[in-house]
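Biologist: I've got a fold in front of me and would like to talk it through. Could you walk me around it?

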Amino acid sequence: MKRLGRVLLIIAVLGGAACNLLTTTSAYADSWSWGSGRPIVKAIEASGESNGGWCRGLKVSAEVERRGDQTVCLTDQLPTSGLRWGYYYSGGYQVPVISLAHEAKFYVINGLSYDARVTHYSALTDTLVIGYPIGALGKLRVYRHVLERLSRVKSPTGEVSFNFNGSSVDFGGNPDWWVGTAGLSNNGRFAAVELRDYGIALIDLSTDKTRLITDQYLLYDYGADPYAEYAVSNDGGLVVRAGMNVALQAFAVNDHCGVAMGTTAGSPRISLAGSGCPSISLPFEAFVPNGGNAFYAPSFSDSGGLLRFYVRDLRLGGRFVTLAAASYRSAGIAYLALGDSYTSGEGETNDAFYAEGTNTDYEKCHLSLRSYPFLYGLQLGLAYGVTKSVACSGATSDDIVAPIDAYWGQTKRLGSGGLNLSNADRLSRQQQALNNFTPGQAPQLSFVEKYSPQLITIGIGGNDSGLFGRLSACAMPGDCEWVSPKGKAQTYQEINALTPKLTAAYQKIKQASPNSDIYAVNYPEVIDLSGHCDAVTAGMFGASERRLIIESIRRINTVINDAANQAGIKVLDIEQSFYGHRLCEDSQQPAVSGLRRGDDFGPTGWLRLLGNETFHPSPYGHQLIADAIERQITHPSPTSEPCDKGCQDADSKDYWRLSEVLGDYPAAHAMDLITKTALSSLDSRLVVRTPAYLLAPLSSVKVRLDSVMLISGQTDQVGLFTAEVPVPSDLSEGTHVLHVEGQSPTGNQADNYQTINYQPPHIDKPVPKGDKAAADHISKPSQAPSVAVVNSRAAAVTQTQQQAASYAIDSPPVWDWRLPIYSLDWYVLTSSPLNLTFKTNQHLKTVDTTASNQAVLAWRDQQPGRLTAWLFGPALWCRSERLAPWVRPGIMSPWLIFAFW
């Protein structure tokens, strides 16, 4: 039986010992304090909870192994590793469950006595704090490396669960302490613990130092017994006691109050003698006008400026209340947009419209001032200063709601993925980002909390589900791997598994700004299945790939709709907003950017040619989205019903039904396996690294690139896999899919993958351009067909057809590209039949395109050397000289739309 091993601890360092704990010390730092005055009521939300707000976290509907669909209360999660910890009710008891490795299913934890009031788990520090029951009372127990204590078991009937080993305790405090209930800070550093007949203790779990902050203790067995719950802020500066038959009370903790407690049996009883931490009055009469004695599930925001809890009014019923520190002030903007590239404005046709700082070496959020949030803001008549967007190209839901204490920017751009800042510099940079609305550096949720927007839109899910990676991988001539039966099955599974993740993200946004109007924005269809595509688009996306893209967008929109309904927010449906202006539709104003030469990879070649902006909404597309949003918000329709039971049309159901019956394939999950996704020949080896517990400990792993097996290996004691993987010497330029396949901690087969780009090497060496004499042998035709030359793994266009057709034969245009010498494999696509001759210094080959308007020209030579190649035809002529391994070729043609790779 294999143990899950030791987890890497991530503990935020919150300033020096001399800091005043009443004042915030995180990246939010706005110098506000709970001790500066009476807290204010920020929001009151009606609640349908009938059992006292039993969930102390986020509620999601999910499958529990062999227990069916359950309402699971997530008490903590670590999105980057896929860990989710929680419980559900069964027979009046709380049953602890865990989900690992981004699996949608939860599994029961055996051997763990569970009460949400006294049992608290931190995913950030992998620490469990529990008042372990002994008789009617409990003893304090702190367990670290909790995942190491879990071992997978399988019953004779096939049910998978996990056993918890609590035989050794990492910290138990004083044996004389009897523990009532406890609370844990969001970052897992501090625990507030009720000590029977003592008062309240604050434990710094990074050092185990314990301090009694008040000697006010609750009396039991006299009249109405109390029921207490606790919350503590991330900086340990505020502790709240709530519950039933308990006064709602807060204690402001600083360096000068409280007394350190001994941890050995028989220690003298502490006398605070007036040194207890001061209490703060919470104005409960403002939100309990008819009286009430129950305040449940207290929790702080990550910044500590907001306190949320459930209250039961004797006449009005249950409600959630949010309080703010007296000096806590949000700037208050009208509209804030969150999301990924389809919200940020990736697809912008003019880089001048990208916001400052969003198109640099390490910052590629590509936030366009012509994206739909700003356009919709103008339609509302809002000034630019009150309409903001922090959407970022490539964002996942982790980049929306990740805890800021452990967040180093999207793709770790502030740390190992880019700038390598110190922790102090990271916090400073994130504070600047929050003040200046710079995306990609702080979690997008932190902007919500800081500014409390009146309106919030969130467009997310395309990267979580691998949709955009599939789009890139399929943007090549020839069918990509995702249209196979296995690929379709994995696509369907991965999109469906997104529901609980999106639900939790929406709920966190709602909790962070309860007074905001919040809308989930889905995705538009970008391509037409039955339309006539231009030569390049047709060469990149076959019919099966177009169908996969369309059905994937429809399916993810179904999941977004279902998750939004579970979270209680509204949906803005833009799925059909591009109709009439999609790819492969004859439109003078396309809503989607076609093939665009980009500047995100370089210095030249296919990756530079195929910019990030390709296949994203154009500025006109963003205007169509803004129009669709304006119509739906101005004239709202009733809230739609969840669609997972079959709102899609019959054709879509039949499409995905095929994937369900064709085999049981490993679950696929898109994730970061390597930090650098744009590669060159300088990257002869890739460092592949998986997070701990993504794979089962001591299990076999296979790494492949596309269909080519690279290496095999084994995970370590914690399921971590790290390896240097050689890049194949004959790897073609373009987009590839890296797979790390193995067994998940629950025994299921998993296919973790990442879409990467590769650009071969180059040497800057000028060569003669053109051969005017050869051009004299070519006669100009009466009508020039459009021609695109496309590599079998890529496509590229350097000029529009109209521009190319305007050149004269005696003054041919020259385009400058670098070419590989080792391998040449071209498709030639034409708008009308052609006879072409392909000639090198070694081969002569004639091809005829009269049958299908396309032909394949292939040349292979493993020996570096000089190559001169011609393409002869009635409408085109070109010459290129290629020197090993790289040259600058001259390409001349009066009618040719040409690209080399």
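Modeller: Sure, and first the small print: this is a predicted model, in which local features need pLDDT of at least 70, side-chain atom pairs count only at pLDDT 80 or more, and totals for chains, interfaces and linings use all residues. Residues are numbered from 1 along each chain as its sequence is written, and side-chain values use heavy atoms, with hydrogens and water left out.

Biologist: How many helices and strands are there in the protein chain?

Modeller: Helices (H or I, at least four residues) and strands (E, at least two) are DSSP runs, numbered from the N terminus. On that basis the protein chain has 15 helices and 45 strands.

Biologist: What share of the residues in the protein chain is buried?

Modeller: Buried means under 20% relative accessible area, exposed is over 50%, and partly exposed lies in between (1.4 Å probe, protein chains only). Of the 901 residues in the protein chain, the buried share is 59%.

Biologist: Which strands stand at the edges of the open sheet of 5 strands?

Modeller: That sheet has parallel pairing and runs in the order S25-S24-S26-S27-S28; two strands pair if DSSP finds at least two bridges between them. An edge strand has a single partner strand, so one side of it is left without a neighbour in the sheet, and that is the case for S25 (387–389) and S28 (570–572).

Biologist: By how much are neighbouring strands of this sheet turned against each other on average?

Modeller: Axes are lines fitted to C-alpha atoms, for helices over the stretch in contact, and angles run from 0 to 180 degrees between N-to-C directions. For this sheet direction is ignored, and the average turn between neighbouring strands is 25°.

Biologist: Which residue in S26 is the bridge partner of Leu-336?

Modeller: Strand S24 (residues 335–339) pairs with strand S26 (residues 455–459) in the parallel sense, over 5 bridges. Within S26, the partner of Leu-336 is Ile-456.

Biologist: Which strands does H12 touch when it packs on the sheet?

Modeller: Helix H10 (residues 543–567) packs on the sheet too, touching S27 (517–521) and S28, with its direction at about 155° to that of S28. H12 makes about 145° with the direction of S28, and the strands it touches are S26, S27 and S28.

Biologist: Are H2 and H12 parallel or oblique to each other?

Modeller: Helix H2 (residues 372–379) packs on helix H12 (residues 619–634) at about 50°, with the axes 8 Å apart. Under 35 degrees counts as roughly parallel, over 145 as roughly antiparallel, 65 to 115 as roughly perpendicular and the rest as oblique. H2 and H12 are therefore oblique.

Biologist: What residues of H2 meet H12?

Modeller: Contact means heavy atoms within 4.5 Å. On the H12 side, the residues include His-622, Ile-625 and Ile-629. From H2 come Tyr-372, Leu-375, Tyr-376 and Gln-379.

Biologist: And how are H7 and H10 placed, parallel or perpendicular to each other?

Modeller: The axes of helix H7 (residues 485–496) and H10 come within 9 Å and cross at roughly 20°. H7 and H10 are therefore roughly parallel.

Biologist: Is His-102 buried or exposed?

Modeller: His-102 is found in the loop between strand S5 (93–99) and strand S6 (107–110). Its phi is near 65°, a positive value in a residue other than glycine. With a relative accessible area of 16%, His-102 is buried.
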